[in-house]
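Please go through the structure shown below with me. I should like short answers that explain how each is reached.

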Amino acid sequence: MIVQVPTQLAFELPRELLEGANFVTTAVMDSSEGSTQVDVRFSPPEEWELLKPEQSILVPAGSAAETRWLSSLEDFRNIFPLAMCYPKIVPVDEGISIVLYHREDEPLTRLMLTSEETNRLDKLWTELRYVSQDALTSLVVLEQLIEFATQDGEPSSYDPLREPYQKRAVEYRQWLLDTETAHLDALIEFAPRAYRRPLTDADKNSIRKLYADLRKQELHHEDAIRLTLARILTSPAFLYKLEEPATGTTSSLVSDWELANRLSYFLWSSTPDAELSQLAAENKLHEPEVLAAQTKRMLADPRTRRMAIEFGCQWLHIRDFDQHDEKSESHFPEFTALRGDMYEESILFFTDLIQNDGSLLDLIDADHTFLNENLARFYGIPNVEGDEWRRVDGVRQYQRGGILTQATTLSKQSGASRTSAILRGNWVYESLLGERLPRPPKDVPVLPEDVPEGLTERELIEQHSSVESCAKCHVRIDPFGFSLEGFDAIGRVRIQDAGGHTIDTNTQLKDGTQIAGLAGLQTYLGETRRETVVRQFCRKLLGYALGRSVQLSDEPLLNEMMTKLEQNDYHLSIAIDMIINSDQFQKIRGRDFISTLK
């Protein structure tokens, strides 16, 4: 049959003719030009493909079309590596193979990578070669293959491989020797980052001497490098933020390197990055405009998540909440699966507060939080789907928003199987208001984990608090806890306790203030006691930034912070900027100051 492409031919063939037989067709090109592909199907395709790579291409022998196709296919092979056509370079069902790593990225580097990216790729391959020691391992594997071949094969077929693999191993060992100094130089280059300052000549000589001494003790190069690195990471210069005070009794500015360390550990809980270190090296960091620009840059950086964890979560006593394992699985089987999401909400809330310069008043009654579908479902908040975290506004209507309603704080300040108005009240009293209770008397009775039949959780607490020796403390803290009883022991909203009793969240503080549940507590803390709550936050933030407890001499700074915060809608950046620009943060007492106190 003679047809002109493209075309389709359809035939109806008797079933009995095809059963048990092979259907064979032959196609030839009838012209000296052009090309085509032929396909046989039992049903026509929905659409024809322009080119099917798995099928033959028909061209007249010796034609211009054949020349064009051969040239094009050769260009394709030059561009794309064989791995695209043959992905299994090493059979996966083989027990051993002397091909450990197969590099085939020449087309990638030639067509797509910049020179910088190519150098980076070459460096990675060099590092892999050093770590894997493939030249030595391949020689061992070759010997294993030869041993196997002596049992059921012909070992002589591997003889041509012996010499090149042995030569590679010899060259590799020499390469290891030649690069030993590079590893020591890398340690010298790493040490300033670990010490967070430039190395002195004494520092460099000490590192090199230690390595040399270890080699004299006949330690292998790798072991000597490891011990030298361990020495750097256990030195006081790495473990401590060492600062050099000036002589005399008066305070003086810390160095730019010391200021970079203070700033980086305050905002990022880590060492200064390259930009901060460069400014310190140039002695520019004390310039007000430079310091302000760096503070702004660092606060907008994702690394402030560390500050959210190290400061925010520690202040609220929820650090490492994702590992909290003190809940009864029989009472709260869902808690273990949710605790990681609960922790992430608190971290993201603080991170957002830092990066977007939120108001400190949002700590108490924000109308937003951060949720994924799992946590939103637990909170009963609709229209949040998927695992992706997002900011959700308008959550106050669901009794959420702010640190008082987060599952982390509510769960952490509860028992294993029931809530604890005592723990929650004490947390509000001490962590948010900065008050301190006297030590509890000896032999205080331990409350049962399960509420006795016939009592509500609140009645159980009130019975305990009525003891004369206990009452003076409980009258201060229990009312705060009672106002949060609308949440169960893992932070879920509830209207009844485990015994089926209706929850009563109305309470009266020691000073006679009436509080009606969560909303009343938020009003009390966010309005009536606003100055106390904000000042407590600032005290904690200042102590964290300085790495010490707040002292009487810091009170003027705190007073000034309170004034400026009130004038600027309590934006967090006001407090941070004032701390960073304070004498407490930028100066250090003189070396002889302590002696004057004696």
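The questions and answers below deal with helix packing, salt bridges and the surface.

Me: What kind of model is this, and how are its residues numbered?
Reply: This is a predicted model, in which local features need pLDDT of at least 70 and side-chain atom pairs count only at pLDDT 80 or more, while totals for chains, interfaces and linings use all residues. Side-chain values use heavy atoms, with hydrogens and water left out, and residues are numbered from 1 along each chain as its sequence is written.

Me: How are helix 4 and helix 6 oriented to each other?
Reply: Helices here are DSSP runs of H or I with at least four residues, strands are runs of E with at least two, and both are numbered from the N terminus. The axes, lines fitted to C-alpha atoms over the stretch in contact, with angles from 0 to 180 degrees between N-to-C directions, come within 11 Å and cross at roughly 105° for helix 4 (residues 115-132) and helix 6 (residues 159-178). Angles of 65 to 115 degrees count as roughly perpendicular. Helix 4 and helix 6 are therefore roughly perpendicular.

Me: Which residues of helix 6 meet helix 4?
Reply: Contact means heavy atoms within 4.5 Å. From helix 4, Thr126, Arg129 and Tyr130 take part, and their partners in helix 6 are Tyr172, Trp175 and Leu176.

Me: How many residues apart are Arg162 and Glu143?
Reply: The side chains of Arg162 and Glu143 form a salt bridge (a side-chain nitrogen of Lys or Arg within 4 Å of a carboxyl oxygen of Asp or Glu), with N to O at 3.5 Å. This pair links distant parts of the chain, since Arg162 is in helix 6 and Glu143 is in helix 5 (residues 134-152), and the separation is 19 residues.

Me: Is Asp273 buried or exposed?
Reply: Buried means under 20% relative accessible area, exposed over 50%, and partly exposed in between, with a 1.4 Å probe and protein chains only. The relative accessible area of Asp273 is 14%, so Asp273 is buried.

Me: Which residue forms a salt bridge with Asp273 at 3.6 Å?
Reply: The partner lies in the loop between helix 13 (288-299) and helix 14 (304-315), so the bridge ties together parts 30 residues apart in sequence. At 28% relative accessible area, this partner is partly exposed. The residue is Arg303.

Me: Which residue forms a salt bridge with Glu244?
Reply: Glu244 is exposed, at 54% relative accessibility. The closest N and O atoms of the bridge are 2.5 Å apart, and the partner is Arg591.

Note on methods. Angles under 35 degrees count as roughly parallel, over 145 as roughly antiparallel, 65 to 115 as roughly perpendicular and the rest as oblique.
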